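Colleague: I would love a close look at one part of this model: the way its pieces pack against each other. Please walk me through it slowly, as I work at the bench.

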Amino acid sequence: LVLLDVGRARRESAPRQRWFVKDLAALLHSTPDAVPQAMRLRFLIEYLRARDIRGRRAVRRWARVIERRRARMARHIPRHGEAPA
């Protein structure tokens, strides 16, 4: 497990949803292929439950948004000397 972005580590009454989406998408994007899809989904469900996001509809909505962001990250073409992902 690697800490992705400690710059946003703070206590806020209403943290921005896009930060959670971006970080979860980055985690999903960097997860090795050896980790089964079922295990990834279990992690997401438990993570969302810990944030008090429950219910099949809510979890599916988050999963769709996170997957769209992950796919966008995967399509990123590095510029300005960045190493390819």
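**How the helices meet**

Modeller: Let's start with α1 and α3, whose crossing is right-handed (the near helix is turned clockwise from the far one by less than a right angle; anticlockwise would be left-handed). Please keep in mind that this is a predicted model, where local features need pLDDT of at least 70, side-chain atom pairs count only at pLDDT 80 or more, and totals for chains, interfaces and linings use all residues. Residues are numbered from 1 along each chain as its sequence is written, and side-chain values use heavy atoms, with hydrogens and water left out.

The protein has 3 helices and 0 strands (DSSP runs numbered from the N terminus: H or I of at least four residues for helices, E of at least two for strands). Read from the N terminus, the order is α-α-α.

Back to our pair: α1 and helix α3, residues 56-74, pack at an angle of about 60° with their axes 8 Å apart. That angle makes α1 oblique to α3 (under 35 degrees is roughly parallel, over 145 roughly antiparallel, 65 to 115 roughly perpendicular, the rest oblique). Axes here are lines fitted to C-alpha atoms, for helices over the stretch in contact, with angles from 0 to 180 degrees between N-to-C directions. On the α1 side, Q17, F20, V21, K22, L24, A25, A26, L28 and H29 take part, meeting R61, W62, V65, I66, E67, R69, R70, M73 and A74 of α3 (contact is heavy atoms within 4.5 Å). By class, 11 of these residues are nonpolar, 2 polar and 5 charged (Ala, Val, Leu, Ile, Met, Phe, Trp, Tyr, Cys and Pro are nonpolar; Asp, Glu, Lys and Arg charged; the others, Gly among them, polar).

Now turn to α2. Helix α1 spans residues 17-30 and helix α2 residues 37-50; their axes come within 12 Å and cross at roughly 155°. The two are therefore roughly antiparallel to each other. Their crossing is right-handed. From α1, F20, L24, L27 and L28 reach R40, F43, L44 and Y47 of α2; this contact holds 7 nonpolar residues, no polar ones and 1 charged.

The remaining pair is α2 with α3, whose axes come within 11 Å and cross at roughly 115°. Here too, α2 passes α3 in a right-handed crossing. L44, I45 and L48 in α2 meet V59, W62, A63 and I66 in α3, a contact with 7 nonpolar residues and no polar or charged ones.

The loop between α2 and α3 includes D52. Most residues other than glycine have a negative phi, yet D52, which is not a glycine, has a positive phi of about 65°. With 58% relative accessibility, D52 counts as exposed (over 50% relative accessible area is exposed, under 20% buried, in between partly exposed, with a 1.4 Å probe and protein chains only).

For the whole protein, 20% of the 85 residues count as buried. Among contacts with a separation of 6 or more, 47% join residues 24 or more positions apart.
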